[in-house]
Every structure is written in structure tokens, then in C-alpha cells.
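Visitor: I am new to this structure. Please take one part of it and go through that part closely.

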Amino acid sequence: MDSLITAAGLALAAGDPLGALDRVALREDAPALALRGIAMAQLGDFDRAKALLRRAARGFGPKEAVARARCVVAEAEIALVSRALGWPTKALDAARAALEKHGDRLNAAHAGHLKVRRLLLLGRLDEAEHGLAGLDPALLPPASRAAHELAIAGIAMRRLRTKAARAALERARQAARLAGIAGLLAEVDSAFLALEAPAARLIAQGETRPLLLEEVESLQASPSLVVDAFRHGVRAGETTVSLATRPVLFALARSLAEAWPGDVSREELVARAFGGKHADESHRARLRVEIGRLRGELRALAEISATKRGFMLSPHQGRATVVLARPIEERHAAVLALLADGEAWSSSALALALDSSQRSVQRALEPLAESGKVQSFGHGRARRWMTPPVAGFTTTLLLPAPLPNG
């Protein structure tokens with residue numbers, strides 16, 4: 001490489017895209033096109049960046065496999081940042097293999113981190129952990145170590161391992177400071193904020209208060225009877241009853257838990273479970289049937305007894321009863337959680353991340369847009385959706401695969 005290419009590469013590594021463009025902006029050779037593409041990506045012009053990188057890849061000769069592989073990795077990073085999650089990952093795997101074969105371990109590790117970050121966005125935590133296990137951070141430069149630790153922290157937060165997450169973020173902060181890249185430091189600071197912001201709400205004895213991730217983790221290990229509005233289940237100790245496919249039963253369980261240690265009137269239970277405004281005889285008959293079913297589901301955890309005005313919940317062993325509720329009671333909270341990262345998402349990427357159909361996502365976006373909670377730009381396949389972060393809340397628990405099993 002000539003001196004200008006080397007200087008531009010160093011500028012990009014230091015997070016200075018304008019400095020890189022000063023050196024190669026007027027050049028049309030393949031190495032310069034690649035560097036210009038990366039610089040444009042850092043400046044946020046992703047379409048121009050992809051076009052430049054593809055021109056660069058075509059410009060490299062048949063013996064320049066490493067250079068072509070680096071272009072593929074750079075394009076994969078653009079796809080990740082622009083939330084094009086359907087980008088072909090086989091191309092990234094092939095590029096990573098080529099880089100490893102030719103001894104470019106740094107860029108091969110970067111490709112591995114990109115794959116892990118994509119898996120994390122999709123909620124595939126086991127695969128993300130497996131991918132990280134094959135990467136040795138000790139051999140990486142500071143910027144790559146920071147990215148590695150951020151991935152570890154992201155997985156730990158999603159698994160409610162807050163101590164491990166905090167330790168990983170401290171290591172990420174140290175590495176980011178050594179790298180001296182302002183954007184990387186800002187990303188670490190943003191991750192720290194998620195640990196310090198409310199992630200859920202606790203409803204107990206008629207009162208509601210916000211919970212941090214650390215407090216949610218503690219609640220998971222407590223002996224209390226917890227009605228979990230994230231996974232739609234009820235648990236106490238090692239026993240868990242899933243009501244994810246029984247929405248009426250879960251609505252009844254939540255109503256009874258919110259009123260504990262008191263009872264709930266039949267009229268209120270009918271309204272919460274069936275949406276009925278008045279409890280007529282048919283509603284009362286249906287309520288008796290559903291309460292009987294709920295008794296059967298929860299017999300290992302609690303008793304449900306009739307009172308003069310309704311029903312009440314009595315946990316076994318005198319356990320306290322609480323409701324773990326979402327920080328935002330919104331029908332389309334998972335969509336908002338993904339959009340709250342501040343990036344622009346396509347409806348196809350949202351569908352992929354939520355493991356849902358694109359049409360279902362579009363139906364969710366329509367009322368959110370009408371209420372001003374999200375906004376779109378572009379048309380057709382280029383249409384993207386975004387929203388500012390929800391002030392004061394972390395949406396970690398609203399993302400795909402929000403809580404550990406068990």
C-alpha cells in the first residue's frame with residue numbers, strides 16, 4: 001500500500017472518516033474505493049458506502065482474496081447497522097474463513113463479532129454465546145476488545161446476569177478508552193445506562209414501583225409467588241406454570257395477584273378477563289368455569305377461594321405475591337423495544353427479529369404511526385421505521401427472548 005492508503009486506514013481505525021476522505025476522496029483504485037466506502041459508512045451514508053464497497057470488491061484482482069473478504073465484512077457491518085438482518089450470512093462466513101486462512105485474525109475476529117451482534121438482535125442467545133466462545137479477546141486490539149465485551153454484556157443482560165454484565169461493561173470501558181474512539185465510548189455509556197434505568201414494574205399490595213435489571217434478577221431468585229407478565233406465567237421457587245397459551249387464565253391470575261392479600265369482585269374479573277362491561281349470569285357462569293381451570297393450573301402454588309364479592313388468591317407456605325409487569329403496557333411493546341435503539345428498521349428486519357410475519361409487523365406499525373409513537377421515511381422496499389428511545393426506561397426485557405427459562 002502507498003502512504004496515503006496507509007494514512008487513510010489509520011484515520012478510519014481512529015474513528016476519523018473525514019481525515020480518511022481527505023486522503024483518498026478523489027482516487028478510484030480499489031483500495032481507495034474500499035476506504036471511501038468505510039468512511040461513508042461511518043458518516044451514515046450507507047447506500048453510498050455499499051456501492052463503493054461493491055465497486056472495490058470487483059476491482060480487486062483474483063489474487064487479492066483478503067481485500068475482497070474485508071469488503072464483504074465491511075458490507076456486513078453496514079447491513080447490521082442499517083438493520084438489514086436478512087443480509088446473506090453465508091457470505092460473511094466465507095469471508096471470515098478466507099481471512100483466517102490468510103492469517104488476518106483481526107478482521108476475522110471482527111467478522112465473528114458482527115455475526116454475534118446479529119444473533120443477539122434476533123434473540124438467539126445460545127448461538128451468540130457459542131460464537132463468542134471461539135474468540136479470544138486477549139489477542140485483539142482495544143477497539144475489538146471493547147466490541148467483544150459489549151457482546152458479552154448484551155448476552156448477560158438478556159439472561160439477567162447483572163454482575164457479569166457490569167463487569168463486562170467495565171472491561172469494555174477500559175478498552176474503549178485505550179482505543180480513544182468517542183463513538184465506542186458513547187456506546188459503552190449507553191449500555192451502562194440500561195443497567196441503571198428501570199426495566200420492569202413491580203405491582204404488590206396495590207402499589208407499583210419501577211425495578212432495575214438487578215432487582216428483577218433478585219426477584220427471580222426470591223421465594224415470592226410471581227405472576228410474570230413478560231412470559232405470561234406464574235412461578236414460585238423452582239415451580240413454574242406457563243399460561244402463555246391461556247390468556248383468559250393469565251388475566252385472572254394477574255388480577256388476583258394485584259389485589260393480594262385482598263379479593264377481587266366478580267364484576268372486575270369479568271371486565272379484565274372477558275372485556276364485559278356488566279357481569280350478567282352468562283358471564284358469571286363462564287367466570288366460575290375459568291376460575292376452576294385456573295385452580296387446577298395453580299394447585300401446586302396457591303389456592304383460589306370464593307369470597308362474598310368475588311375470589312382471592314392464597315399462596316402456599318404464606319408466600320408474598322407480586323406481579324412483574326412490563327415497563328410499558330403497550331400491545332406492540334416488542335416492536336417499540338426494537339425501534340428504541342435509535343436505528344432505522346425495515347418491516348422485514350423487524351419481522352425477522354420478532355420471529356413474526358412481515359404483515360403482522362406492518363399491522364402493528366400502522367397504529368403506532370397513527371399515535372405518533374413511530375415514524376417512517378422512504379417508500380416501498382426503502383421504507384424504514386424508527387423512534388426515539390423511551391425516556392427513563394430500558395427496553396432490554398421487551399426484546400426477543402427477554403427472560404431466562406426456569
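**The sheet and its helices**

Guide: The model is predicted. A good place to begin is the pairing of strand 7 with strand 8, residues 310-315, which runs in the antiparallel sense over five bridges. Within this pairing, Ser305 stands opposite Met312 in strand 8.

Helix 14, residues 266-274, packs on the sheet and touches strand 6, strand 7 and strand 8. The direction of helix 14 makes about 75 degrees with that of strand 6. Helix 15, residues 281-298, also packs on the sheet, where it touches strand 7 and strand 8. Its direction makes about 155 degrees with that of strand 7.

Now for the sheet as a whole. It is open and consists of three strands in the order 6-8-7, with antiparallel pairing. Strand 6 (263-265) and strand 7 (302-306) each have a single partner strand and stand at the edges, so one side of each has no neighbour in the sheet. From one strand to the next, the twist averages 25 degrees.

Earlier in the chain numbering comes helix 13, residues 247-259. Helix 13 has 13 residues and reaches 18 Å from its first C-alpha to its last, close to the 18 Å expected at 1.5 Å a residue. Of these 13 residues, 11 are buried, so helix 13 is largely enclosed by the rest of the structure. The buried residues include Val248, Leu249, Phe250 and Leu252, and Arg254 and Glu258 are also among them.

Technical notes
Residues are numbered from 1 along each chain as its sequence is written. This is a predicted model: local features need pLDDT of at least 70, side-chain atom pairs count only at pLDDT 80 or more; totals for chains, interfaces and linings use all residues. Side-chain values use heavy atoms; hydrogens and water are left out. Two strands pair if DSSP finds at least two bridges between them. Helices (H or I, at least four residues) and strands (E, at least two) are DSSP runs, numbered from the N terminus. Axes are lines fitted to C-alpha atoms, for helices over the stretch in contact, and angles run from 0 to 180 degrees between N-to-C directions. Contact means heavy atoms within 4.5 Å. The expected span of a helix is 1.5 Å times one less than its number of residues. Buried means under 20% relative accessible area, exposed over 50%, partly exposed in between (1.4 Å probe, protein chains only).
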